[in-house]
Amino acid sequence: MVEVTVTPRSSLADRPVQVRVRGLSPSQLVTLRAWLTDEQGECFQARAFFYADGAGEVDPGRQAAVGGSYAGVWPMGLFWFLQPDTLFRRLVKRDVAGSPFIIHLEVFDGLHLVTTPQAQPLASCEAERWYVGPGVQRVPIREGRVRGALYLPP
């Protein structure tokens, strides 16, 4: 049974996570896809193609992607190379304290350049990426023409 995991499942956006796929056949070609929908409803996605190692596992932190949104060894590549489906959109988190970005990770058998509704992933999981840690207080700043926010630790 194929399984894809993100460790830790919930983390701050600037912290590294480990993505792993287990249960594949040795040397099996797979597509790892990460996607999220932002607060405006825009979809951002990245994909990378990997060959499973001799144990039937894929670890982007130690194995090179052979193509897709990037190539080479990038442990956080699926998160860093997210691109919008609509040109000229930017990935911006507006509600930094209220909710995380939910990033969906899916693994497909073979090369999947375009994901269709009929395409069923071998496995999937979700990761939460928070922009403010627990207990952090946000204080709005408004002084003359200066606008900003002060984040105070617990």
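Okay, quick bit of vocabulary first: when I say "strand", I mean a DSSP run of E, at least two residues, numbered from the N terminus. And keep in mind that this is a predicted model.

So, strand β11, residues 146-152, is the one that gives the most to a nonpolar patch, with 3 residues. The patch covers about 300 Å² of surface and is made by Ile-141, Val-146, Leu-150 and Leu-152. Take Leu-152, which sits in β11: it counts as partly exposed because its relative accessibility is 33%, and the partly exposed class runs between 20% and 50%.

Now the sheet. β4, residues 29-37, runs antiparallel to β5, residues 43-51, with 9 bridges joining them. β4 also runs antiparallel to β8, residues 101-109, through 6 bridges. Look at Arg-33: its bridge partner in β5 is Arg-47, and in β8 it is Glu-106. In the β4 and β5 hairpin there are 5 residues between the strands, and Gly-41 takes a positive phi near 90 degrees.

On to charges. Searching the whole structure turns up 9 salt bridges. One of them pairs Glu-128 with Arg-9, with the closest N and O atoms 3.8 Å apart. Glu-128 is in β9 and Arg-9 is in the loop between β1 and β2, so this pair ties together parts 119 residues apart in sequence.

Then there's a little network: Arg-20, Arg-22 and Glu-57 are linked by salt bridges. Glu-57 meets Arg-20 at 3.3 Å, N to O, and Arg-22 at 3.8 Å. Buried or exposed, what is Glu-57? Buried, because its relative accessible area is 19%. Arg-22, at 30%, counts as partly exposed.

Notes
Residues are numbered from 1 along each chain as its sequence is written. This is a predicted model: local features need pLDDT of at least 70, side-chain atom pairs count only at pLDDT 80 or more; totals for chains, interfaces and linings use all residues. Side-chain values use heavy atoms; hydrogens and water are left out. Two strands pair if DSSP finds at least two bridges between them. Helices (H or I, at least four residues) and strands (E, at least two) are DSSP runs, numbered from the N terminus. Patches are made of residues with over 30% relative accessible area and no salt bridge: like charges are joined within 9 Å, nonpolar side chains (Val, Leu, Ile, Met, Phe, Trp, Tyr) within 5 Å. Accessible areas come from the Shrake-Rupley method with a 1.4 Å probe; for residues, only the protein chains shown count as cover. A salt bridge is a side-chain nitrogen of Lys or Arg within 4 Å of a carboxyl oxygen of Asp or Glu. Buried means under 20% relative accessible area, exposed over 50%, partly exposed in between (1.4 Å probe, protein chains only).
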